[in-house]
Amino acid sequence: MSEPSVEEAAVQQSSSLRQSIPREQLRSLLEDYAAHPDRVPPYDSMRRRAQEPASRSAAVLVLFGVLDAEPAQHRCASVPADLDVLLVVRASGLRDHPGEIAFPGGGVEAQDATLQATALREAWEETGLDPAGVEVLGLLPAVPTVSRFEVTPVVGWWREQSRVGVVDAGESAAVFRVPVADLVDPAHRCVSVLRRGSEEWRMPAFQLPQGLLWGFTAGIVAGLLDELGWSEPWDEGVEVTPAGY
């Protein structure tokens, strides 16, 4: 195999440098959360909305990496065009959150030594990714959800990527990677609005080709974009009511 040319080597070095910046930004944020347990996350309103105490612990994998296919359509100075995050579309037959876009994850099982282990095991079961290739950067504060899980987001970096796809159609309808810059794109931002009688719940959401990203997952994504300084101004007057609600 021939050695890369000077130009190819320069491109590889530039790409590696671009990717190291968001990884270190994520690591720094998570280290600050670990050092300051009382720090309030941007998605704290989700924690306050839980009507009933959580009955079970769960974890999701928030996995960032270098895009596997087309780079982002949206260009922004704060995020490399080839940075992406792994998501799934939950199967329509599931009891909790059917058909919704989510991070891979699930409930803690007896064999899980840590929440990190739960997130990695669930991601392997749902997408087929190799957990050995994931560098866990840290944890975000847990969120009690309406399905009575207390969910901890485990943030990871895809150090050595592996092929992913639907493993069990009863769990996931699709597995995909979305460019982070396209999540930043103001044209994809909106507010999900749920109304029950006199009550109204408003949360950040994202309109993607795969569907509406809203709820818990969108709250985590939006919070990270804001805290990392990746967000761009967007129109919070664009409202969407999730299908079925």
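This passage walks through the fold, the core and a few individual residues of a predicted model.

To start with the overall picture, the protein has 245 residues, and 45% of them count as buried. Its chain is arranged into five helices and twelve strands. Contacts between distant parts of the sequence feature heavily here: among those joining residues at least 6 apart, 66% link residues at least 24 apart. As for confidence, the mean pLDDT comes out at 87, with 87% of the residues reaching 70 or more. Residues 4–15 are another story, with pLDDT below 50 and three contacts in the model beyond near neighbours in sequence. Where pLDDT is low, the predicted coordinates should not be read in detail.

Turning to the interior, the largest nonpolar core takes in 45 residues, and Phe64, Ile220 and Trp230 touch the most other members. Quite a few elements give two or more residues to this core, among them helix H1 (6–35), strand S2 (83–90), strand S7 (149–158) and strand S10 (199–208). The top contributor is H5, which supplies seven residues. There is also a second, separate core, made up of 14 residues and including Ala59, Ala119, Ala123 and Trp158.

Phenylalanine 64 deserves a closer look. Its relative accessibility is 5%, so phenylalanine 64 counts as buried. Leaving out residues up to four places away in sequence, phenylalanine 64 touches a list of residues that includes Leu26, Leu83, Val85, Val155, Trp157, Leu224 and Trp230. Tryptophan 230 is buried too, because its relative accessibility is just 1%, under the 20% cut-off.

These two residues also form the one aromatic pair that the structure holds. The ring centres of phenylalanine 64 and tryptophan 230 are 6.3 Å apart and the planes meet at 85°, which makes the pair edge-to-face. Phenylalanine 64 belongs to strand S1 (residues 56–66), while tryptophan 230 lies in the loop between helix H5 (215–227) and strand S12 (239–240), so the pair ties together parts that are 166 residues apart in sequence. Another ring has a charge for company: the charged end of arginine 39 sits over the ring of tyrosine 33, at 4.5 Å from its centre.

What about disulfides? A search of the whole structure turns up zero. Two cysteines can still be placed by their accessibility. Cysteine 76 is buried, at a relative accessible area of 14%, and cysteine 190 is buried as well, at 0%.

Finally, the loop between S7 and S8 offers a couple of residues to look at. One of them is valine 164, which is partly exposed with a relative accessible area of 23%. Setting aside neighbours within four places in sequence, valine 164 is in contact with Leu86, Thr127, Leu129, Trp158 and Val175. Valine 164 and tryptophan 124 are 40 residues apart along the chain, and their C-alpha atoms are separated by 8.8 Å.

Glutamate 171 is found in that loop between S7 and S8 too. With a relative accessible area of 34%, glutamate 171 is partly exposed. The residues it touches, not counting those up to four places away in sequence, are Arg90, Ala91 and Leu94. From glutamate 171 to serine 92 the C-alpha distance is 8.5 Å, although 79 residues set them apart in sequence.

Definitions and conventions: Residues numbered from 1 in each chain as written. Predicted model: local features only at pLDDT ≥ 70, side-chain atom pairs only at ≥ 80, totals over all residues. Heavy atoms only, no water. Disulfide = S-S within 2.5 Å. Buried < 20%, exposed > 50% of the residue type's maximum accessible area, 1.4 Å probe, protein only. Phe/Tyr/Trp six-rings, centres within 6.5 Å; stacked < 30°, edge-to-face > 60°. Helix = DSSP H or I, 4+ residues; strand = E, 2+ residues; numbered from the N terminus. Lys NZ or Arg CZ within 6 Å of the ring centre and 35° of its normal. pLDDT = per-residue confidence, 0-100. Contact = heavy atoms within 4.5 Å. Core = buried A, V, L, I, M, F, W, Y, C linked by side-chain atoms within 4.5 Å.
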